[in-house]
Every structure is written in C-alpha cells, then in structure tokens.
Amino acid sequence: MAIEKDYANNNYWIGGRGLLNQIDANGNIIGDNYSLSENGVINVIKNINGNIYIGGSFSTITKGGHDTISANNIAYINYLDGNIFPITDGVDNGVNDSVYAINISGLSYSNLIIGGGFTSTGDSGANILNRVGIFDLNTNKWSNIISLS
C-alpha cells in the first residue's frame, strides 16, 4: 500500500493492489476511481508539482471504468483534469519491471528518478545503473546514468 498527501487540496492518494483512489480527510472517496491491470499493484505514489506519479507493477490503468491507457509500471495523473499519462519517450513507455521509488531532482525539478526491479527503460538506448533510471520531464527522454566507479 502507498499513501501520498495532496497538499493543494488537503486530500490523500491511496493505492495498493488493483486500485488507486483520492480520499478526503474523513476517508470519503473523491472523484474517479483508477483501476490497474489484473494483479496490478501500486508500490509508490509521489506528488510532484501537483501531478501524481505512481509506480508499481502494472501494464494498464483505467480511469472511471472507461478510459484505459497502456503504462508499463509507471505513470502520472494530471492535476488539472485527472487524466492518466504513461511515462513515455514517444516510442515505448515505462520500464520492464516493478518501480518501488520515485523522486525528483534537477535545477528545474525536471529529472524524474525512479528505482525498482527493472533492467531497462522504454528507450533501450538509455543506460541504467543498479536499477535506477532518470527520465527528463522537459525532453521526455530517458537519460543515461554513468558509473563513476
């Protein structure tokens, strides 16, 4: 199970096996329900600049029972309209195995850093190091990680 506070609305996002919901401080579900592919699990939820990034083990996400997208283990929910988007380089999306950690870095908070059980990103040309990947939110490209050892 994963929980993340939505500070803009003073609500919470809660995810786990098969579902993701936004709830208010009283535990009431707000807005659309999001469901995952069969046996899908959300391991991590991260609020970054108002968008809700989710990582786990899933291949699709459905909003409200009717809008389904393909998203391999990582996606985000747009804070303006609640629509779901895959993390994609324009060719492939996501990573080839589970995501357990999401964070942000860079001067303009443009580097999405993810960690998990994966060995490759959507762009097979990008290098990962010790199951960590970096996705540039400005260019929508996976960045190479260079080992300093």
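**View 1. An open antiparallel sheet of four strands in the predicted model.**
The strand order is β11-β12-β13-β14. Pairing throughout this sheet is antiparallel. Two strands sit at the edges: β11, residues 99–105, and β14, residues 141–143. Each of these pairs on one side only. From one strand to the next, the twist averages 30 degrees.

**View 2. The pairing of β12 with β13.**
Strand β12 covers residues 111–116, and strand β13 covers residues 132–136. Five bridges join them in the antiparallel sense. One contact to pick out is at Asn-111, whose bridge partner in β13 is Asp-136.

**View 3. An edge-to-face aromatic pair, Phe-135 with Trp-142.**
The model has four aromatic pairs by the ring-centre rule, which accepts centres within 6.5 Å. Phe-135 and Trp-142 form one of them, with 5.0 Å from centre to centre. Their planes stand 70 degrees apart. That angle makes the pair edge-to-face, because the class requires over 60 degrees. Phe-135 lies within the residue range of β13, and Trp-142 within that of edge strand β14. Both residues are buried.

**View 4. An aromatic cluster of Tyr-53, Tyr-76 and Phe-85.**
These three residues form one cluster. Two members, Tyr-53 and Tyr-76, are also among the residues nearest the centre of the second largest pocket.

**View 5. The second largest pocket, with about 190 Å³ of space.**
Its lining comprises 15 residues. Nearest the centre are Tyr-53, Tyr-76, Phe-135, Leu-137 and Asn-140. Phe-135 is the buried ring that pairs edge-to-face with Trp-142. Which classes of residue make up this lining? Eight are nonpolar and seven are polar. No charged residue takes part.

**View 6. The largest pocket, with a volume of about 230 Å³.**
A total of 17 residues line this pocket. Closest to its centre are Asp-6, Asn-9, Trp-13, Gln-22 and Tyr-79. Which strand gives the largest share of the lining? Strand β4, residues 29–36, does so with four residues. By class, the lining has eight nonpolar, six polar and three charged residues. Asp-6, one of the residues closest to the centre, falls in the charged class. The lining of the second largest pocket, by contrast, has no charged residues.

Technical notes
Residues numbered from 1 in each chain as written. Predicted model: local features only at pLDDT ≥ 70, side-chain atom pairs only at ≥ 80, totals over all residues. Heavy atoms only, no water. 1 Å grid on protein atoms, 1.4 Å probe; cavity = no way out; pocket = protein on both sides within 12 Å on 5 of 7 lines; lining within 4 Å. Points joined across faces, edges and corners; volume = space filled by probe spheres on them. Phe/Tyr/Trp six-rings, centres within 6.5 Å; stacked < 30°, edge-to-face > 60°. Buried < 20%, exposed > 50% of the residue type's maximum accessible area, 1.4 Å probe, protein only. Pairing = 2+ DSSP bridges. Axes fitted to C-alpha atoms, helices over the stretch in contact; angles between N-to-C directions.
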